[in-house]
Each structure stands twice: as C-alpha cells, then as structure tokens.
Amino acid sequence: MSTHPINTAETAPRQLHFNAFLNACGHHQAAWRHPDSAVEQLGSIEHYERLAQTAEAGLFDAVFFADGHSAGNPAAGPRWFFEPLTALAAMARSTSRIGLISTVSTTFYTPYHAARMLASLDHLSAGRIGWNVVTSMFDAEARNHSMDSMPASPERYARAAEFIDVALALWDSWADDAVLADRSGFFADPEKVRPINHDGEHFGVAGPLNVPRGPQGRPVLFQAGASESGRQLAARHAEGIYAVAYDLASGQDYYADLKQRIAAEGRDPSKVAIMPGLVTYLGSTEVEALARQAEVDALLPTEQSLAQLGMFIGQDCSEWDLDAPVPALPPASEFTGPQGRYATILRIVEAERPTVRQLLGRLAAGGGHCTMVGTPEQVADSIERWFTSGAADGFNLMPPMLPDSLEEFVDRVVPVLQRRGLYRTEYSTHTLRGHLGLERPEA
C-alpha cells in the first residue's frame, strides 16, 4: 500500500460548470412577446444586474454576453441593447464572485483596444473577466466597419490567431510586481514594463499596454470552435469552449475531437471546460414542462422565423410550405456560412425529418442547441448523463425566458445537482480562473 499523502486537488470529484448566457428577453425568439416578458426593462442596467445576481446565487461560474455589429430586423424583436463591455462594468459593481464574459470580435477590434478594455475590466471586477473570441459572421456587420463583406474564413482566423498572440503579449507586458507606488521614487519599475514590438501580417503593435497586469494575469479566453479553423484556434488557445450540440452523440463527438486536439497542442485537456449550449423548460410534471414550451412556441411569428432560418442556411425560404418536409439542403462542404449552426440543422433534419413548421419550433430557442424538457429531476438526469458520458464539462445555459427560466433553473435544478455531489455548494475562489480550476499564468 502506498504511504504517499493523498493530493486532494487531484482526487477531488469533478464538478459541473455553468455559465448563464444572457440574451434580451430570453433565447426563445418569441420570448419578448410573452405577457410576462421583461421587454420594457431591456434599457435598465438594474435588470441585468438582477440576472447576474440570480446566477451568482446559483453559484454559476459566469454570466456571458454575445455581441453583434448590425441591428438586424428591428421589428423581429430585441437582440442587442447595451454594448456588453459597458454593461459588464456596471454588473461588476453589483456582484462579487461571479465571472463576467463578453464576446469581442477580432475582425472589428484591434488588439490594443481590446486588451486595454478587458484588462481594465479585470481590475474593476477584481479578477472576474473572460473574453469570448469570435471572428464575426455576417456581411451586414462588415458594412458597419468600412468593409463590403466579411473576409474569407482563412483570413479571419489568421487575423484572430495573431490578434490573440498580441493581446496575450500586451497583458504580459507588465510584470506582476512592476507597480511600486513608491512616493519617493517610481510609480512603476521601468525595467518591468516592456514593449512587445510586434510586427506581423495583420498588426504592428509596439506596446507596452498602458494598464498594469490584471488580478488574473490575463482574462480567461473562451472560444466557440465549430469549423476546422475554429476548432484548431480553440484547441490552441481557449480555456473554456462553447459548443453547439444537438444531442448526446453529437456532444460526445465534439468533446472527444476537441479534447484530442487540445492534447495535441501540448495542453492539459482536463483544464479546458467544454460547455455546450443548453435550453431548459421545467415543470412539476413532464406534461406541464411540454405545455410551457408550447405556450411560448405559439407566440412565434412565422415570417420572422423563416427569415432567421434563411440566415442560418444561407438561402431564401420565405415561400416554403410550412407543413411540408424541409427541402433538401446542400451538404456542409458546400455551405460557406457559419458551420456549427448549419451542421446542427442538417443533423436535426436527418434525425427527425421535420416539417418546416416543426423545424422552426425546434430552432426557436437557441437555434438547435441541446434542449431538455421535463421535471427538475429529469433535467438533472440528462445533465448528469452528458457530464459522465464524455459529452460536456458543464453547460452554457440559454434560458428561453428571462428572468423566469434562469430563476427556475437556479431554484429547482441546482439543488438536485448539489444533492448528487455534481455541483459546488459554495464558491471557493474569487476569480473566474479560480472557478474554472485554472492557474494564474506567469508574465
């Protein structure tokens, strides 16, 4: 028998991770039309602060904002209201433990600008900031940034890879002990504040950053890698990965592929949390949960739903017969838009053979992410199955109705997971890195 002491850090049971993905009135396309929606509160920062406080009460790792750079169809419902980094600055002051993650586009920002804002927020939040790295998607966004159309995928991802390298170098341009605050001498040791002198294909950045190194050293990097380029970027850099997984099998396939890629990059796969999107509808019985889903589905505006589907599949489907089977779609190899969502739609069509109307309902909340409908125990069963069978390290919760669906998950599902020993019962750290079990990188 070994007499070596047990390393509790290594033998501690694996725990679920949850982010709360905040989106307008909820992730269901018709959520804002519901009589109980919070649509009138979307311009109130107190609304978002309350959502973050609810997620913090549920001991979530973080709240997360996506971002976009075009207005879309204003009549279709709310998408963006506050610029997310601005909102997170306020939310940092009304919370104390929960992480705060925002999308920042590598196509539309510059590394210095992004690194400075994120480092500032890391200080403001005492070490709770994360960055979801995206290359953006749509030509309508590009036209708001002096471009006629989005650059081709290889160019976007090459720029993103260099963007990340520059941001990391800028965050490391101040040593941890650079600030002296010596009133009789230096504010900072000039030998410990270093230029980066980056001269690359896309960026020329001298540095150093004009913000001292943050409490986490660097904000935590998230990425949603779906395409080949996206998966490689996630494997090389991401410390948390968002995924689109329609069912358990697709979740397992993605999980195994990304963990293998992470290992091939010389990184520890167990330190990178893979978090598929998750939409939940809860009820005291499964029938009640299904009825709640049907209630909001019934509010879905058909014309706008077809327009959204057309955006996802890159073609006009406004004249499709709602009660006919979904027409044949081109294979993924011929689709030039966002690959992850398109592959999910192909999988749904193949598995369920839905009518157009049925597909619209399936995509109404979350656009094809995993959907769990049932009692709190049934939803907890499904979460546990994904967690223990190599499909997820946790989930990016996408409440179909806000605040109701988030509050119900925190009040009814979280206690079940805690009783099963799958989820923390208190925060043990104060930073987002700490919640994710990540070490603080050295400069």
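**View 1. Phe-21, at the centre of this close-up, is buried, with a relative accessible area of 13%.** Here buried means under 20% relative accessible area, exposed means over 50%, and partly exposed lies in between, as computed with a 1.4 Å probe on protein chains only. The model is predicted, and for that reason local features need a pLDDT of at least 70 and side-chain atom pairs count only at pLDDT 80 or more, while totals for chains, interfaces and linings use all residues. Residues are numbered from 1 along each chain as its sequence is written, and side-chain values use heavy atoms, with hydrogens and water left out. Phe-64, which is also shown, is buried with a relative accessible area of 3%.

**View 2. Aromatic pairs, of which the structure holds 16, are illustrated here by two examples.** Rings of Phe, Tyr and Trp (for Trp, its six-membered ring) pair if their centres lie within 6.5 Å, and planes under 30 degrees apart count as stacked, those over 60 as edge-to-face and the rest as tilted. The ring centres of Phe-21 and Phe-64 are 4.7 Å apart and the ring planes stand at 50 degrees, so this pair is tilted. Because Phe-21 belongs to strand β1 (residues 17-22) and Phe-64 to strand β2 (residues 62-65), the pair ties together parts that are 43 residues apart in sequence. Helices (H or I, at least four residues) and strands (E, at least two) are DSSP runs, numbered from the N terminus. The other example, formed by Phe-222 and Tyr-242, is stacked, with 5.3 Å from centre to centre and 20 degrees between the planes. This pair links distant parts of the chain, 20 residues apart, as Phe-222 lies in strand β7 (residues 220-223) and Tyr-242 in strand β8 (residues 240-243). Both Phe-222 and Tyr-242 are buried.

**View 3. Strand β1 is shown with its neighbours, and six of its six residues are buried, so the strand is largely enclosed by the rest of the structure.** Both of its faces are covered, with His-17, Asn-19 and Phe-21 buried on one side and Phe-18, Ala-20 and Leu-22 buried on the other. Two strands are said to pair if DSSP finds at least two bridges between them. β1 and β2 pair in the parallel sense over four bridges, and Leu-22 stands opposite Phe-65 in β2. From β1 the chain crosses through helix α2 (residues 45-57) to β2, and this β-α-β crossover is right-handed, a word used if, with the strands pointing away from the viewer, the path from the first strand over the helix to the second runs clockwise. Four bridges also join β1 to β11, the two running parallel, and His-17 has Gly-394 of β11 as its bridge partner.

**View 4. Strand β9 (residues 273-282) has 10 of its 10 residues buried, so it is largely enclosed by the rest of the structure.** It pairs with β8 in the parallel sense over four bridges, and Pro-276 in β9 is the bridge partner of Ala-243. The chain passes from β8 through helix α8 (residues 248-264) to β9 in a β-α-β crossover that is right-handed. Five bridges pair β9 with strand β10 (residues 370-374) in the parallel sense, and there Tyr-281 stands opposite Val-373. Two bridges join β9 to strand β11 (residues 394-397), which run parallel, with Leu-397 in β11 as the bridge partner of Leu-278.

**View 5. The largest nonpolar core has 96 residues, and those with the most contacts inside it are Phe-60, Met-91, Trp-131, Trp-171 and Ile-383.** Helix α6 (residues 153-171) gives the most to this core, with 10 residues. Apart from it lies another core, of 22 residues, among them Phe-312, Cys-317, Val-356 and Ala-364. A nonpolar core is a set of buried Ala, Val, Leu, Ile, Met, Phe, Trp, Tyr and Cys residues joined through side-chain atoms within 4.5 Å. Not counting residues up to four places away in sequence, Ile-383 touches Leu-16, Phe-18, Leu-278, Met-372, Phe-395, Phe-409, Val-413 and Leu-417, where contact means heavy atoms within 4.5 Å. One aromatic cluster is formed by Phe-18, Phe-60, Trp-386, Phe-395, Phe-409 and Tyr-423.

**View 6. Ser-70 is placed in the loop between β2 and α3 (84-93).** This residue is buried, with a relative accessible area of 16%. Residues up to four places away in sequence aside, Ser-70 touches Trp-80, Ala-140, Glu-141 and Asn-144.
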